[in-house]
Amino acid sequence: MAEVSQASVHLRHRIPPDFYSLNSQKPFDSPHVSSFLGSEDVQNSLPVIDLNSPTVEDSLVRACELSGMFVVTNHGIPLGVLVGAEVEALRFFSLPREEKMKALRTPGETAGYGMAPLAAILDETMWHEGLTITGSPIEHAKQVWPHEYMRFCEMMEDYQKRMKSLSEKILGLVLKNYGGLPPFHESGPSTALQLNSYPACQCLNEMIGLAPHTDTSYITIVHQNDVTGLQLFHEQHGWISVAPKTGSLVVNVGDMLHIVSNARFPSALHRAAVSRVQHRLSFAYFYGPPADFEVSPIINACSSGPHQEARFRPVTKREFVRMKAKNVHALSLIRKGK
Ligand SMILES: O=C(O)CCC(=O)C(=O)O
């Protein structure tokens with residue numbers, strides 16, 4: 001029987017592992033040393049914020065300050081939309097590998113099938129496949145379903161439209177004391193929907209789905225199916241599991257909001273674990289500034305103590321993404337007075 005090797009799970013590659021044939025081989029221990037199980041006793045400790053609450057603004061700001069990740073309820077996105085998108089995503093990820101490969105992301109492109117784009121900058125083997133969607137997924141959907149692509153496209157476009165409004169609502173509330181949503185003029189925000197799939201992993205005893213990372217966005221909104229996997233790094237507790245709760249959504253602060261808030265809001269360090277028995281799906285909607293929009297710390301009456309002097313130099317998202325592609329700790333490169 002062929003051995004499962006590091007190379008065969010495509011370290012830092014855009015082509016996902018061949019899950020089916022790897023799973024049919026003898027289990028072996030992964031070289032990772034730490035356990036990927038999150039801490040159980042604190043797993044439900046993230047702030048849960050009702051977006052209809054009269055104190056929503058304060059709660060959001062406190063949650064951003066506290067952990068950079070929180071759960072929102074009463075967000076206005078019907079459960080049917082979340083479940084419908086899940087059904088369509090599963091229809092895609094259940095296709096045979098050679099069918100999905102027809103939608104493989106071409107080098108230099110963001111949209112398409114493959115490892116999450118962040119795989120290019122993380123030096124870890126990951127049990128993951130994804131489909132990145134920016135606007136209409138029609139081009140890739142047609143490649144895999146020449147005649148049955150409409151439902152998938154409609155679902156994903158509707159999902160993105162709703163997530164964009166929700167992102168603007170949440171970010172607008174968080175930034176109210178910073179002057180509200182930044183003016184993007186005609187170019188609009190840059191957004192992307194990342195469908196993540198983590199098939200059950202039986203061949204490796206310890207395997208990570210997505211390695212630890214922060215997002216480049218202002219904020220990211222995550223919907224998970226009912227399989228636990230998302231984990232947040234917490235200074236006191238280490239890795240904590242963010243268990244899915246039907247109908248609620250997880251929001252996390254990204255690097256761009258960390259910069260605007262002058263480091264008052266931490267950029268959430270998170271990762272995804274995989275299950276030995278269940279197929280996990282997640283949807284990450286990234287909302288950020290347009291590529292050439294200059295982002296810089298906002299210093300105002302809310303900035304106190306260490307936040308009164310700008311801690312970062314201004315940077316465009318384009319420049320930041322280039323820096324992060326070479327160094328995951330790009331925030332440290334734009335920090336003032338290093
Ligand atoms: O699968 C998850 O819950 C996390 C997804 C994620 O971190 C990402 O897509 O960047």
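This passage walks through the sheet of a predicted model and the helices that pack on or beside its strands.

The sheet is open and built from eight strands, in the order S1-S2-S10-S7-S12-S5-S4-S3, with mixed pairing. At its edges sit S1 (48-50) and S3 (112-114), each of which pairs on one side only. Going from one strand to the next, the twist averages 25°.

Start at the S1 edge. S1 and S2 (residues 69-73) run parallel and are joined by three bridges, with aspartate 50 standing opposite threonine 73 in S2. This end of the sheet also carries a helix: H2 (residues 56-66) lies across S1, S2 and S10 (249-253), and runs at about 160° to S1. Helix H3 packs on the sheet too, touching S4 (129-133), S5 (190-198), S7 (219-224) and S12 (280-288). The direction of H3 makes about 115° with that of S12.

Now for the other edge. S3 and S4 run antiparallel, and three bridges hold the pair together; here glycine 112 faces threonine 132 in S4. On its other side, S4 is linked to S5 by five bridges, again antiparallel, and glycine 130 has asparagine 196 in S5 as its bridge partner.

S4 itself deserves a closer look. In a regular strand, side chains alternate between the two faces of the sheet. In S4 both faces turn out to be covered: Glu129, Leu131 and Ile133 are buried on one side, and Gly130 and Thr132 are buried on the other. With five of its five residues buried, S4 is therefore largely enclosed by the rest of the structure.

Back to H3, which has a helical neighbour as well as the sheet contacts. Two packed helices are described by the angle between their axes and the distance between the axes. For H3 (residues 79-93) and H6 (residues 150-174), the axes come within 10 Å and cross at roughly 135°. An angle over 145° would count as roughly antiparallel and one of 65 to 115° as roughly perpendicular, so H3 and H6 are oblique to each other. Their crossing is left-handed.

On the H3 side, the contact is made by Val81, Gly84, Ala85, Glu88, Arg91 and Phe92. These meet Arg151, Phe152, Met155, Met156, Asp158, Tyr159 and Arg162 in H6. By type, the contact residues split into seven nonpolar, one polar and five charged. Among the charged ones are Glu88 and Arg91 in H3, along with Asp158 in H6.

Key:
Residues are numbered from 1 along each chain as its sequence is written. This is a predicted model: local features need pLDDT of at least 70, side-chain atom pairs count only at pLDDT 80 or more; totals for chains, interfaces and linings use all residues. Axes are lines fitted to C-alpha atoms, for helices over the stretch in contact, and angles run from 0 to 180 degrees between N-to-C directions. Helices (H or I, at least four residues) and strands (E, at least two) are DSSP runs, numbered from the N terminus. Angles under 35 degrees count as roughly parallel, over 145 as roughly antiparallel, 65 to 115 as roughly perpendicular and the rest as oblique. A crossing is left-handed if the near helix is turned anticlockwise from the far one by less than a right angle, and right-handed if clockwise. Two residues are in contact if their C-beta atoms, placed from the backbone, lie within 7 Å. Two strands pair if DSSP finds at least two bridges between them. A residue is buried if 20 or more other C-beta atoms lie within 10 Å of its own, exposed if 12 or fewer, and partly exposed in between; C-beta atoms are placed from the backbone.
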